[in-house]
Amino acid sequence: MNAQTLKGNWNELKGKLKQKYADLTDDDLLYAEGKEDELYGKLQQKLGKTKEELHKELDSL
């Protein structure tokens with residue numbers, strides 16, 4: 001998932017991630033333009049997944 005797609009669909013994706021992973025907080029899912037790597041880093045730590053696994057997960061939502 002590229003940055004443009006992530007930015008455009010973030011609110012929808014955020015809701016789906018919170019449904020699937022109840023332990024994610026709003027702070028974990030805080031999206032700031034240009035800081036996609038930071039977001040992926042937080043999600044990797046919280047979910048224990050690689051960046052590639054996260055990309056696949058977001059693409060499947």
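**Exercise 1. Determine what span a straight helix of 18 residues would have, what span α1 has, and where α1 bends.**

Solution. Start with the expected value: a straight helix of 18 residues would span 26 Å at 1.5 Å a residue, the expected span being 1.5 Å times one less than the number of residues. In the model, which is predicted, α1 spans only 22 Å between its end C-alpha atoms. Helices here are DSSP runs of H or I with at least four residues, strands are runs of E with at least two, and both are numbered from the N terminus. Next, look along the axis: α1 bends by about 75° at W10, where the bend is the angle between axes fitted to the seven residues ending at a residue and the seven starting there.

Before going on, note that residues are numbered from 1 along each chain as its sequence is written. As this is a predicted model, local features need pLDDT of at least 70 and side-chain atom pairs count only at pLDDT 80 or more, while totals for chains, interfaces and linings use all residues, and side-chain values use heavy atoms, with hydrogens and water left out.

**Exercise 2. Identify which residues of α1 are buried and what they pack against.**

Solution. First apply the accessibility classes: buried means under 20% relative accessible area, exposed over 50%, and partly exposed in between, with a 1.4 Å probe and protein chains only. By this criterion L6, W10, L13 and L17 are buried in α1. Then ask for their partners, taking contact as heavy atoms within 4.5 Å: the buried residues of α1 pack against α2 and α3, the latter being residues 51–60. An example of the approach of α3 to α1 is given by L58, which is found in helix α3 and counts as buried at 3% relative accessibility. The C-alpha atoms of L58 and L17 are 8.4 Å apart in space, although the two residues are 41 apart in sequence.

**Exercise 3. Find how many salt bridges the structure holds, and describe the pairs E12–K16, K46–D28 and K49–E57.**

Solution. A salt bridge is a side-chain nitrogen of Lys or Arg within 4 Å of a carboxyl oxygen of Asp or Glu, and a search of the whole structure finds 6.

1. The side chains of E12 and K16 meet at 3.2 Å, N to O. Because they are 4 residues apart in helix α1 (residues 3–20), E12 and K16 are separated by about one helical turn. Both are partly exposed, E12 at 49% relative accessibility and K16 at 28%.
2. The side chains of K46 and D28 form a salt bridge at 3.3 Å, N to O. K46 lies in helix α2 and D28 in the loop between α1 and α2, so this pair ties together parts that are 18 residues apart in sequence. K46 is partly exposed at 36%, whereas D28 is buried at 13%.
3. K49 and E57 are joined at 3.6 Å, N to O, with K49 partly exposed at 24% and E57 buried at 10%. This pair also belongs to a network of salt bridges that links K20, K49 and E57.

**Exercise 4. Establish the surroundings of D28 and of E36, leaving aside neighbours within four places in sequence.**

Solution. For D28, the residues in contact are D23, L39, K42, L43 and K46. The side chains of D28 and K46 also count as a polar contact of 3.3 Å, that is, a pair of N or O atoms within 3.5 Å, of which, within protein, one must be able to donate a hydrogen and the other to accept it, residues adjacent in sequence counting only if both atoms are side-chain atoms.

For E36, begin with its place in helix α2 (residues 36–47), where E36 is buried with a relative accessible area of 16%. E36 is in contact with A3, L6 and Y31, and its side chain makes a polar contact of 2.9 Å with the side chain of Y31. Y31 is also touched by K7, which touches E33 as well; K7 is found in helix α1 and is partly exposed at 39%.
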